Amino acid sequence: MLRVYSLHGFIISKLCEPYLQPILLSVILSLFIPPAFSADVQAGRQAWVKRDYSTALKEYRPLAEQGHSEAQYRLGNMYFLGEGVIQDYVETIKWFTLAAEQGYMVAQRRLGGIYSSYYLGLLDYEAALKWYTLAAEQGSSDAQFGLGQMYGYGSSDFQDNVIAHMWYNIYASNGGLPQFRNEISQDMTPEQIGKAQDLAREWVSKHGD
(Lines give C-alpha, C1' and ligand atoms only; values in the text may rest on other atoms or scores of the structure.)
Protein backbone atom coordinates (compact mmCIF):
# COMPACT_ATOMS: atom_id res chain seq x y z
CA MET A 1 0.00 0.00 0.00
CA LEU A 2 1.35 3.44 -0.92
CA ARG A 3 0.33 6.83 0.44
CA VAL A 4 1.92 10.02 -0.89
CA TYR A 5 2.21 13.27 1.04
CA SER A 6 3.62 16.69 0.11
CA LEU A 7 5.87 18.43 2.66
CA HIS A 8 7.66 21.72 1.86
CA GLY A 9 7.84 20.82 -1.80
CA PHE A 10 9.12 17.28 -1.21
CA ILE A 11 7.04 14.26 -2.11
CA ILE A 12 7.35 11.66 0.63
CA SER A 13 6.17 8.13 -0.02
CA LYS A 14 5.02 6.35 3.09
CA LEU A 15 5.56 2.63 2.59
CA CYS A 16 3.51 0.59 4.98
CA GLU A 17 5.64 -2.56 4.79
CA PRO A 18 7.72 -2.50 8.03
CA TYR A 19 10.83 -3.97 6.40
CA LEU A 20 10.97 -1.04 3.96
CA GLN A 21 10.60 1.69 6.58
CA PRO A 22 14.36 1.92 7.44
CA ILE A 23 15.13 2.46 3.75
CA LEU A 24 12.41 5.12 3.50
CA LEU A 25 13.77 6.85 6.60
CA SER A 26 17.24 6.99 5.10
CA VAL A 27 15.87 8.57 1.91
CA ILE A 28 13.85 11.15 3.84
CA LEU A 29 16.78 12.08 6.06
CA SER A 30 19.03 12.50 3.04
CA LEU A 31 16.72 15.27 1.80
CA PHE A 32 17.31 17.29 4.94
CA ILE A 33 21.04 16.68 5.59
CA PRO A 34 22.85 20.00 5.24
CA PRO A 35 25.59 20.16 2.56
CA ALA A 36 28.17 20.69 5.32
CA PHE A 37 27.47 17.16 6.56
CA SER A 38 28.68 15.65 3.29
CA ALA A 39 31.76 17.84 3.34
CA ASP A 40 32.57 16.78 6.90
CA VAL A 41 32.16 13.09 6.05
CA GLN A 42 34.47 13.56 3.09
CA ALA A 43 37.01 15.24 5.37
CA GLY A 44 36.73 12.27 7.72
CA ARG A 45 37.31 9.82 4.86
CA GLN A 46 40.36 11.74 3.68
CA ALA A 47 41.82 11.80 7.19
CA TRP A 48 41.14 8.08 7.63
CA VAL A 49 42.90 7.24 4.34
CA LYS A 50 45.91 9.18 5.62
CA ARG A 51 45.68 7.25 8.91
CA ASP A 52 45.03 10.49 10.74
CA TYR A 53 42.53 8.75 12.97
CA SER A 54 42.28 11.58 15.49
CA THR A 55 40.99 13.95 12.80
CA ALA A 56 38.72 11.29 11.34
CA LEU A 57 37.13 10.78 14.75
CA LYS A 58 36.65 14.52 15.21
CA GLU A 59 34.81 14.63 11.89
CA TYR A 60 32.76 11.47 12.27
CA ARG A 61 31.63 11.56 15.91
CA PRO A 62 29.56 14.79 15.85
CA LEU A 63 27.88 13.71 12.62
CA ALA A 64 27.19 10.24 13.99
CA GLU A 65 25.65 11.71 17.12
CA GLN A 66 23.43 13.90 14.92
CA GLY A 67 22.19 10.82 13.03
CA HIS A 68 24.31 10.77 9.86
CA SER A 69 24.21 7.10 8.80
CA GLU A 70 27.53 6.94 6.95
CA ALA A 71 29.33 8.67 9.82
CA GLN A 72 27.70 6.20 12.23
CA TYR A 73 28.94 3.28 10.18
CA ARG A 74 32.46 4.67 9.80
CA LEU A 75 32.69 5.47 13.51
CA GLY A 76 31.54 1.93 14.29
CA ASN A 77 34.17 0.54 11.96
CA MET A 78 36.89 2.51 13.72
CA TYR A 79 35.80 0.91 17.00
CA PHE A 80 35.79 -2.47 15.25
CA LEU A 81 39.38 -2.02 14.05
CA GLY A 82 40.61 -0.10 17.08
CA GLU A 83 41.72 2.85 14.96
CA GLY A 84 42.28 5.93 17.11
CA VAL A 85 40.17 4.38 19.88
CA ILE A 86 40.34 1.35 22.14
CA GLN A 87 38.83 -1.55 20.20
CA ASP A 88 35.28 -1.88 21.49
CA TYR A 89 32.79 -4.30 19.92
CA VAL A 90 29.90 -2.95 22.00
CA GLU A 91 30.42 0.46 20.41
CA THR A 92 30.82 -1.25 17.03
CA ILE A 93 27.41 -2.90 17.29
CA LYS A 94 25.84 0.29 18.63
CA TRP A 95 26.95 2.44 15.70
CA PHE A 96 26.47 -0.23 13.04
CA THR A 97 22.91 -0.78 14.27
CA LEU A 98 22.07 2.92 14.25
CA ALA A 99 23.34 3.18 10.67
CA ALA A 100 21.61 -0.03 9.59
CA GLU A 101 18.28 1.10 11.03
CA GLN A 102 18.49 4.09 8.69
CA GLY A 103 18.98 1.77 5.71
CA TYR A 104 22.76 2.08 5.33
CA MET A 105 23.46 -1.05 3.30
CA VAL A 106 27.07 -1.70 4.30
CA ALA A 107 26.14 -1.58 7.99
CA GLN A 108 23.26 -3.99 7.37
CA ARG A 109 25.56 -6.40 5.55
CA ARG A 110 28.23 -6.19 8.24
CA LEU A 111 25.69 -6.89 10.99
CA GLY A 112 24.45 -9.89 9.02
CA GLY A 113 28.00 -11.23 8.95
CA ILE A 114 28.57 -10.55 12.63
CA TYR A 115 25.36 -12.22 13.77
CA SER A 116 25.72 -15.23 11.47
CA SER A 117 29.30 -16.16 12.28
CA TYR A 118 29.70 -15.86 16.07
CA TYR A 119 32.73 -13.70 15.22
CA LEU A 120 32.04 -11.33 18.13
CA GLY A 121 30.29 -13.94 20.25
CA LEU A 122 26.89 -12.74 19.05
CA LEU A 123 25.49 -15.67 17.08
CA ASP A 124 21.87 -14.80 16.31
CA TYR A 125 20.41 -16.24 13.11
CA GLU A 126 17.21 -14.23 13.32
CA ALA A 127 19.16 -10.96 13.51
CA ALA A 128 21.50 -12.13 10.75
CA LEU A 129 18.55 -13.00 8.53
CA LYS A 130 16.98 -9.58 9.14
CA TRP A 131 20.06 -7.55 8.29
CA TYR A 132 21.30 -9.73 5.44
CA THR A 133 17.86 -9.64 3.82
CA LEU A 134 17.62 -5.85 4.02
CA ALA A 135 21.08 -5.50 2.49
CA ALA A 136 20.32 -8.12 -0.18
CA GLU A 137 17.20 -6.20 -1.18
CA GLN A 138 19.41 -3.16 -1.76
CA GLY A 139 21.60 -5.19 -4.12
CA SER A 140 24.43 -6.35 -1.86
CA SER A 141 25.90 -9.47 -3.46
CA ASP A 142 27.84 -10.16 -0.26
CA ALA A 143 24.57 -10.27 1.68
CA GLN A 144 23.02 -12.52 -0.96
CA PHE A 145 25.99 -14.86 -0.62
CA GLY A 146 25.72 -14.69 3.16
CA LEU A 147 22.10 -15.80 3.00
CA GLY A 148 23.13 -18.70 0.79
CA GLN A 149 25.72 -19.71 3.37
CA MET A 150 23.22 -19.45 6.22
CA TYR A 151 20.67 -21.68 4.52
CA GLY A 152 23.27 -24.01 3.05
CA TYR A 153 25.49 -24.53 6.07
CA GLY A 154 23.74 -22.92 9.03
CA SER A 155 22.00 -24.48 11.98
CA SER A 156 19.44 -27.23 11.48
CA ASP A 157 16.66 -24.66 11.99
CA PHE A 158 17.81 -22.73 8.93
CA GLN A 159 19.32 -25.41 6.70
CA ASP A 160 17.34 -25.51 3.46
CA ASN A 161 19.04 -26.37 0.17
CA VAL A 162 16.23 -24.91 -1.93
CA ILE A 163 16.50 -21.49 -0.30
CA ALA A 164 20.29 -21.71 -0.30
CA HIS A 165 20.27 -22.45 -4.04
CA MET A 166 17.91 -19.53 -4.58
CA TRP A 167 20.29 -17.09 -2.87
CA TYR A 168 23.40 -18.51 -4.52
CA ASN A 169 21.62 -18.16 -7.87
CA ILE A 170 20.73 -14.54 -7.14
CA TYR A 171 24.30 -13.94 -5.97
CA ALA A 172 25.69 -15.42 -9.21
CA SER A 173 23.33 -13.28 -11.31
CA ASN A 174 24.69 -10.25 -9.43
CA GLY A 175 28.27 -10.97 -10.47
CA GLY A 176 29.15 -13.62 -7.90
CA LEU A 177 30.79 -16.98 -8.49
CA PRO A 178 28.38 -19.68 -9.76
CA GLN A 179 30.33 -22.52 -8.13
CA PHE A 180 28.41 -22.28 -4.85
CA ARG A 181 25.08 -22.71 -6.64
CA ASN A 182 26.52 -25.55 -8.71
CA GLU A 183 27.97 -27.35 -5.70
CA ILE A 184 24.75 -27.34 -3.70
CA SER A 185 22.86 -28.51 -6.79
CA GLN A 186 24.68 -31.84 -6.47
CA ASP A 187 22.70 -32.57 -3.29
CA MET A 188 19.33 -31.63 -4.76
CA THR A 189 16.72 -33.32 -6.92
CA PRO A 190 15.69 -31.81 -10.28
CA GLU A 191 12.38 -30.84 -8.70
CA GLN A 192 14.15 -28.97 -5.88
CA ILE A 193 16.42 -27.16 -8.34
CA GLY A 194 13.41 -26.15 -10.43
CA LYS A 195 11.65 -24.78 -7.35
CA ALA A 196 14.77 -22.86 -6.30
CA GLN A 197 15.08 -21.35 -9.78
CA ASP A 198 11.44 -20.29 -9.71
CA LEU A 199 11.98 -18.60 -6.34
CA ALA A 200 15.08 -16.80 -7.61
CA ARG A 201 13.23 -15.51 -10.67
CA GLU A 202 10.37 -14.28 -8.49
CA TRP A 203 12.77 -12.51 -6.14
CA VAL A 204 14.66 -10.80 -8.96
CA SER A 205 11.36 -9.78 -10.59
CA LYS A 206 10.29 -8.14 -7.36
CA HIS A 207 13.58 -6.66 -6.17
CA GLY A 208 15.75 -6.37 -9.27
CA ASP A 209 16.40 -3.16 -11.18
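How many of the 209 residues of the chain count as buried, as a percentage? In this predicted model, the share of the chain that counts as buried is 40%.

## Overall make-up

The secondary structure of the chain consists of 11 helices and 2 strands. Read from the N terminus, the order of the elements is β-β-α-α-α-α-α-α-α-α-α-α-α, with the two strands placed ahead of the helices. Among the contacts in the chain with a separation of 6 or more, 43% are made by residues that stand 24 or more positions apart.

## Helices H4 and H6, with Phe96 beside them

Helix H4, which covers residues 69-81, packs with helix H6, which covers residues 105-117, at an angle of about 35°, and the axes of these two helices are 10 Å apart. The crossing of H4 and H6 is left-handed. On the H4 side the residues that take part are Tyr73, Asn77 and Phe80, and they meet Val106, Ala107 and Arg110 of H6. Sorted by class, the contact of H4 with H6 has 4 nonpolar residues, 1 polar residue and 1 charged residue. Two of the residues named here also share a further arrangement, in which the charged end of Arg110 sits over the ring of Phe80, at 4.9 Å from the centre of that ring.

Phe96 belongs to helix H5, which spans residues 89-101. Is Phe96 buried or exposed? Phe96 has a relative accessible area of 0%, and it is therefore counted as buried, since the cut-off for that class is under 20%. Leaving out residues up to four places away in sequence, Phe96 touches Tyr73, Gly76, Asn77, Ala107, Arg110, Leu111 and Ile114; of these, Tyr73 and Asn77 are also among the H4 residues that meet H6, while Ala107 and Arg110 are among the H6 residues that meet H4. Phe96 and Arg74 are 22 residues apart along the chain, and their C-alpha atoms are separated by 8.4 Å.

## Helices H7 and H8, and the loop after H8

Helix H7, made of residues 125-137, and helix H8, made of residues 141-153, have axes that come within 8 Å and cross at roughly 145°. The crossing in which H7 passes H8 is left-handed. From H7, the residues Tyr125, Ala128, Leu129, Tyr132, Thr133, Ala135 and Ala136 meet Ala143, Gln144, Gly146, Leu147, Met150 and Tyr151 from H8. The residues of this contact of H7 with H8 divide into 10 nonpolar and 3 polar, with no charged residue.

Gly154 lies in the loop between H8 and H9, and with a relative accessible area of 21% it is classed as partly exposed. When its neighbours within four places in sequence are left aside, Gly154 is in contact with Tyr125, Gln149 and Gln159, and Tyr125 is also one of the H7 residues that meet H8. Between Gly154 and Ser117 there are 9.3 Å in space, C-alpha to C-alpha, and the two are 37 residues apart in sequence.

## Aromatic pairs and the link from H9 to H11

How many aromatic pairs does the count come to? The count comes to 11 aromatic pairs. One of them is formed by Trp167 and Trp203, an edge-to-face pair with 5.2 Å from centre to centre and 70° between the planes. This pair links distant parts of the chain, as Trp167 is in helix H9 (residues 161-173) and Trp203 is in helix H11 (residues 190-207), 36 residues apart. Trp167 counts as buried because its relative accessibility is 5%, and Trp203 counts as buried because its relative accessibility is 13%. Elsewhere, ring pairs join Phe145, Tyr168, Tyr171 and Phe180 into a cluster.

Glu202 is placed in helix H11 as well, but it is exposed, with a relative accessible area of 53%. The separation of Glu202 and Met166 is 36 residues in sequence and 10.0 Å in space, C-alpha to C-alpha.

## An unusual backbone angle at Arg51

Arg51 is found in the loop between helix H2 (35-49) and helix H3 (53-65). Although Arg51 is not a glycine, it has a positive phi of about 65°. The relative accessibility of Arg51 is 66%, so this residue counts as exposed.

Notes. Residues are numbered from 1 along each chain as its sequence is written. This is a predicted model: local features need pLDDT of at least 70, side-chain atom pairs count only at pLDDT 80 or more; totals for chains, interfaces and linings use all residues. Side-chain values use heavy atoms; hydrogens and water are left out. Rings of Phe, Tyr and Trp (its six-membered ring) pair if their centres lie within 6.5 Å; planes under 30 degrees apart count as stacked, over 60 as edge-to-face and the rest as tilted. Helices (H or I, at least four residues) and strands (E, at least two) are DSSP runs, numbered from the N terminus. Buried means under 20% relative accessible area, exposed over 50%, partly exposed in between (1.4 Å probe, protein chains only). A charge sits over a ring if NZ of Lys or CZ of Arg is within 6 Å of the ring centre and within 35 degrees of the ring normal. Axes are lines fitted to C-alpha atoms, for helices over the stretch in contact, and angles run from 0 to 180 degrees between N-to-C directions. A crossing is left-handed if the near helix is turned anticlockwise from the far one by less than a right angle, and right-handed if clockwise. Contact means heavy atoms within 4.5 Å. Ala, Val, Leu, Ile, Met, Phe, Trp, Tyr, Cys and Pro count as nonpolar, Asp, Glu, Lys and Arg as charged, and the others, Gly among them, as polar.
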